[in-house]
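Biologist: Could you give me a close look at a single part of this protein, set against the rest of the chain? Please state each cut-off where you first rely on it.

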Amino acid sequence: MTEPPAGEAGVDDADLIARVGAGDQDALAVLYDRYGRPCFSLARRITADITFAEDVVQEVFLAVWRAPGKFDPGRGAFGSWLLAMTHHKAVDAVRREETLRRRRAESADGADAARQHDVPGVEDQVWTGLRGDRVRAALRGLPGVQREALGLAYFGGYTQREVAALTGAPLGTVKTRMLAGMRRLATLLGDVADSAGTADDEGALP
């Protein structure tokens, strides 16, 4: 976030958000200077974690930057809208973290059980590494919007609706991008899945 320019103190929020819509980073910096601290305080109270709170605030202002038109001045003040979005994203962050912790715990339990019965051989380990290289190369070959949507969903743990909010794209567009990306990956990696005897490559993703 850039330093807000001097002389912007009296500029109305609505004027600033309109300038953000025109790509004015200085206007976003002024809004961050005004509301970044209260947003962080709210996020910290909800998440009880400084790092999560910082991530939430970053998501909030990234969403403002990408889709300033979502603010409707007819429905209330910009500050109230921004704090409501912060509250929503902070609650989602807590729920997402709880889900990830539960999955990690379940995965660890499953891995412990699997290790007792199935220790992969050298050949399997080599093959897994090769598949990982192919998957990473395939992802790099996707168009940026498809790679972004898939990355946020599968590596960030975001829902399709959250991906839409973060990228500023309509939900239908996000679904289309993810479907197109998955089909492209399936085409590029078809021989990998066939040779491996399974379509599950999640463990090899970067």
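Modeller: What follows begins with the whole chain, turns to the pairing of two helices, and ends with another helix for context.

This is a predicted model, in which local features need pLDDT of at least 70 and side-chain atom pairs count only at pLDDT 80 or more, while totals for chains, interfaces and linings use all residues. Residues are numbered from 1 along each chain as its sequence is written, and side-chain values use heavy atoms, with hydrogens and water left out.

The protein has nine helices and zero strands, where helices (DSSP H or I, at least four residues) and strands (E, at least two) are runs numbered from the N terminus. The pattern along the sequence is accordingly written α-α-α-α-α-α-α-α-α. Of its 206 residues, 32% count as buried, a word that means under 20% relative accessible area, with exposed meaning over 50% and partly exposed in between (1.4 Å probe, protein chains only). About 12500 Å² of the protein is exposed, and carbon and sulfur atoms supply 52% of that area, as given by the Shrake-Rupley method with a 1.4 Å probe. When contacts (heavy atoms within 4.5 Å) are taken between residues at least 6 apart in sequence, 65% of them join residues at least 24 apart.

The part I would examine is the pairing of helix 2, residues 25-47, with helix 3, residues 50-66. These two helices pack at an angle of about 145 degrees, with their axes 8 Å apart; the axes are lines fitted to C-alpha atoms over the stretch in contact, and angles run from 0 to 180 degrees between N-to-C directions. Their crossing is right-handed, the near helix being turned clockwise from the far one by less than a right angle. On the helix 2 side the meeting residues include L28, L31, Y35, G36, F40 and A43, and on the helix 3 side they include F52, A53, V56, V57, F61 and W65.

Two positions in helix 2 give a sense of this pairing. L28 is buried, with a relative accessible area of 8%, and the C-alpha atoms of L28 and W65 are separated by 7.1 Å although the two residues lie 37 apart along the chain. S41, also placed in helix 2, is partly exposed at 32% relative accessible area, and its C-alpha atom is separated by 9.6 Å from that of V57, 16 residues further along.

Between the two helices, the loop contains A48, which is exposed with a relative accessible area of 67%. Most residues other than glycine have a negative phi. A48 has a positive phi of about 60 degrees although it is not a glycine.

For context elsewhere in the chain, helix 8 (residues 171-188) has 18 residues and reaches 26 Å from its first C-alpha to its last, close to the 26 Å expected at 1.5 Å a residue, that span being 1.5 Å times one less than the number of residues. Its buried residues are V174, M178, G181 and L185. Seen down the axis of helix 8, these fall within an arc of 65 degrees, so they line one face of the helix, the arc being that of the directions from the axis to the C-beta atoms. The face turned away from this buried side carries the exposed residues T176, R183, A186 and T187. G181 is also among the residues in contact with Q146, together with R177 and A180, once neighbours of Q146 within four places in sequence are left aside. Q146 itself lies in helix 6 (residues 144-155) and counts as buried at 13% relative accessibility.
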